[in-house]
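Biologist: I should like a close look at the aromatic rings of this protein and at what surrounds them, including any bound molecule. Please take me through it step by step, in one connected account.

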Amino acid sequence: MGKILYFDISAVLISSVFLTTTIIRSGFKGTKRNFLISWIEVVVLVASIGDLGAAITEQYLLFSPYSWMMSYCFNFIYFLAHNLLLPLYVLYIYSTTGIWHIFKKYNYLVYAWILLTGLDVFLLFANIFVPLIYTLDQNGVYARGPFHLLFYVIAGIFGIWGIITILKHRRLINHDKMLVLLMIYPVTVTTIVIQYFYPDTLCEMFGISICMVLFIIVVQHKEVSVDPLVGAKRHSSGIESLTNIIETGKPATIIFVKIANNGNILMYLGQDIYYQFLHLLSQNFTKFAEEEEFPGELYYLEYGLFGFLAEEDSLTTAYRTAERIKKFLHSQIHIDNFDITLDGRICIVECPDDFNDFQSLFSFATSFHNTIPVSKNIILYSDFKGQQEFQIRDDLERILRDAIREQRFEMYYQPIFSAVKNRFVCAEALIRLHDEKYGDIPPSLFIPFAENNGMIHAIGDFVLRDVLKFISSTDIKRLGLEYIEINLSAAQCIESDLIEKVTQLLEDYHVDPENISFELTETAADMDPAIVDNHVKRLSSLGIRFALDDYGTGYSNIKRVTSLPINQVKLDQSFVKEIDNPQMWIVIQDTITMLKEMDKEVLIEGVENELLARRFIDLNADLLQGCEYMQGFYFCRPVPKDQFIAFMEEHVNKQIVIN
Ligand code: C2E
Ligand code: CA
Ligand code: CA
């Protein structure tokens, strides 16, 4: 019986298709793992060709010195490629699990790898002169040489090496990936056994190429997770990489770039051009990194937040890249007939020196633009570490745990002005935390942290209880107040017992639902829509009002706004800050008109001075009806309960004069 060639033919076809797609997609460039997978594909293809070629020459070519030579060469190619497969696979395992640094760190691993692979290659080349591995007799018939077994031993060592590495670091990879990575071993062993007993069934390379297919689908596919609209890798793979960096403790350098006025830009450009804008940023950032030889990958982590992650110590090139990014961000950017000015903040973080837990790293990444002073400079996290702000961050978990246990928060109230009624009609409750060691800790620092680690639920409960207690103990009608606004975090919105809790508290404190209004942010509106809608609608049917906070800082998903029973939209202060930009002023007016048409009340946040108040009060009557409410330091800062009551008592019957 002749050799069964179909398996090898399929293997050649499968591996050439995959190699072609890989080359078209990314060439041999990109990350180490992409590079390695490309080479593994080459090796599988070459080994399959060698195996097939050897079988064809043996079976179909009439014997001649020429066919003897061909057969010899095909066997040689097969062995060479085949023997490189498992060593390359071991390297691939190190890089795809994110532990390349471990391989590099332990010299004995590198030496063992070089020695074993070198021995393989040496034996094969030596075979040309002394038949150690295989020979072809004068009739071209293949026979094994005395050192043939050594190949199996080396392959076995690499096999065990790979399996141990995968199992040892299994917590760093997801379950699917681990199974696929392990699968190549039983498949190889089974096909080798089959081929041993049925030498004509050349199924080994076929088995391996099928493993490659699964590989590409399960492992590589997830890694090729570039968002085509943004031109950078998606949020989810960013989280995976950051987690991996923390868990492995490997050296990594990260450049965080935050476009602080992201919301305004989105409003200004509209969704489509906004994505072109993000794409332009990604393109330029990547170009700078390439030119400065920063070995990082670009991720789009959140609204306006990019993370450039290099899994090695590369501070110098990171700094140079950040310089280029800074220059670019501070130049006027022109896109599709729009000229935009960016407020870009850049921070470089080095792990594991700067952070060794994911929670703090991520919460820092998403909020550093709030806490680091507006600056045109690149910030090195290590330079700031000593400052109080960063000491607080390091200690925040303990501070919050203690504050929750001792209920040490305090609620402040900031009056809200109605330009139509010309008086203060409601107020926003804002939380305050005073720590003995660090003094006042701003909510912009601890709320995002608490949202990330779940403490927000306990804090939210405190806020609800304290505000309701205040309303029940104060005759707010006498103070001219219609309701008090309470900030509700996204995580609170989906609490399963939210409705029961709120109803119970309203009952306990004898508070009318109409006396409170919940402020939601767009992140809340983005959460599981079924749950959020259900909760908001049920609370709203009780008579509780709702406001959408910080409008213009997130994705400004106007569809979501209209689908929820929201009474009021609060325009974020960043709008007001850019009021002098004529185009921004047009955007503000258009936004007010649009929201008014949707029957939403509009509140302007961050009214810090008279000039600003005037700008809005001078709007024509129609528009003013639209943006009736104002809040800001110009009217009153957030103040403690007693001071707030005194302020309201003083102003309740007074006409407010804005010059
Ligand atoms: P926010 O909900 O947007 O609250 C308005 C913030 O703007 C407050 O900062 C307020 O003090 C500040 N502000 C008011 N008028 C002006 C002004 O004219 N100029 C400027 N520059 N700022 C003004 P605050 O109190 O530091 O709170 C920061 C954020 O922390 C809040 O932003 C809110 O997101 C969160 N937060 C505060 N209290 C609570 C709370 O009880 N629960 C929850 N979940 N979040 C809260
Ligand atoms: Ca608010
Ligand atoms: Ca706000």
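Modeller: A residue counts as buried when its relative accessible area is under 20%, as exposed when that area is over 50%, and as partly exposed in between. The structure shown is a predicted model, and everything below should be read in that light.

I begin with the rings themselves. A pair of aromatic rings is described by the distance of the centres and the angle of the planes. Rings pair if their centres lie within 6.5 Å, and planes under 30 degrees apart count as stacked, over 60 as edge-to-face and the rest as tilted. Counted by this rule, the model holds 37 aromatic pairs. One of them is formed by Phe355 and Phe364, whose ring centres are 5.4 Å apart; the planes meet at 40°, so this pair is tilted. With a relative accessible area of 0%, Phe364 is buried. Phe355 is buried as well, its relative accessible area being 5%.

An edge-to-face arrangement is found for Phe424 and Phe635, with 6.1 Å from centre to centre and 85° between the planes. This pair links distant parts of the chain, since its members are 211 residues apart: Phe424 belongs to strand β13 (residues 423-435), whereas Phe635 lies in the loop between β20 (629-630) and β21 (639-640). Both of these phenylalanines are buried. Elsewhere, ring pairs join Trp68, Tyr72, Tyr78, Phe79, Tyr134 and Phe151 into a cluster.

Some rings also have a charged group over them. The charged end of Arg637 sits over the ring of Phe633, at 3.9 Å from its centre. In a second case, Arg615 lies over the face of Trp585, 4.5 Å from the ring centre.

Phe633 leads on to the bound molecule. Ligand 1 is surrounded by 21 residues, and Phe633 is among the closest, together with Arg432, Asp549, Gln573 and Glu608. The residues of this shell divide into 9 nonpolar, 6 polar and 6 charged. Strand β13, which also carries Phe424, gives the most to the shell, with 4 residues. At least two shell residues come from each of β12 (409-418), β13, α16 (443-453) and β17 (545-551).

Individual polar atoms can be followed from the ligand into the protein. The side chain of Arg432 places a polar atom 2.8 Å from an oxygen atom of ligand 1. In the side chain of Gln573, an N or O atom is 3.0 Å from an oxygen atom of ligand 1. For Gln414, the partner is a nitrogen atom of ligand 1, which is 3.0 Å from an N or O atom of the side chain. Taken alone, ligand 1 exposes 790 Å², of which the protein buries 83%.

Gln414 deserves a further word. This residue lies in strand β12 and is buried, with a relative accessible area of 6%. Besides its approach to the ligand, the side chain of Gln414 is joined to that of Gln631 by a polar contact of 2.7 Å.

A further side-chain contact involves an aromatic residue: the side chain of Glu610 makes a polar contact of 3.3 Å with the side chain of Tyr634. Glu610 lies in helix α25 (residues 610-617). Its relative accessibility is 31%, so Glu610 counts as partly exposed. As a guide to the extent of the model, Glu610 and Leu86 are 524 residues apart in sequence and 73 Å apart in space, C-alpha to C-alpha.

Finally, some backbone features may be noted. Cys351 and Pro352 are joined by a cis peptide bond, with omega at about 5°. Pro352 is found in the loop between β10 (344-351) and α13 (358-371). Asp336, although not a glycine, has a positive phi of about 45°. It is placed in the loop between β8 (333-335) and β9 (338-340) and is partly exposed, with a relative accessible area of 41%. Asn337 lies in the loop between β8 and β9 and has a positive phi near 70°. With a relative accessible area of 71%, Asn337 is exposed.

How values were computed
Residues numbered from 1 in each chain as written. Chains lettered and ligands numbered in written order. Predicted model: local features only at pLDDT ≥ 70, side-chain atom pairs only at ≥ 80, totals over all residues. Heavy atoms only, no water. Phe/Tyr/Trp six-rings, centres within 6.5 Å; stacked < 30°, edge-to-face > 60°. Buried < 20%, exposed > 50% of the residue type's maximum accessible area, 1.4 Å probe, protein only. Lys NZ or Arg CZ within 6 Å of the ring centre and 35° of its normal. Near = heavy atom within 4 Å. Polar contact = N/O pair within 3.5 Å; in protein donor to acceptor, adjacent residues only side chain to side chain. Areas by Shrake-Rupley, 256 points an atom, 1.4 Å probe, with all protein chains shown as cover. Nonpolar A, V, L, I, M, F, W, Y, C, P; charged D, E, K, R; others polar.
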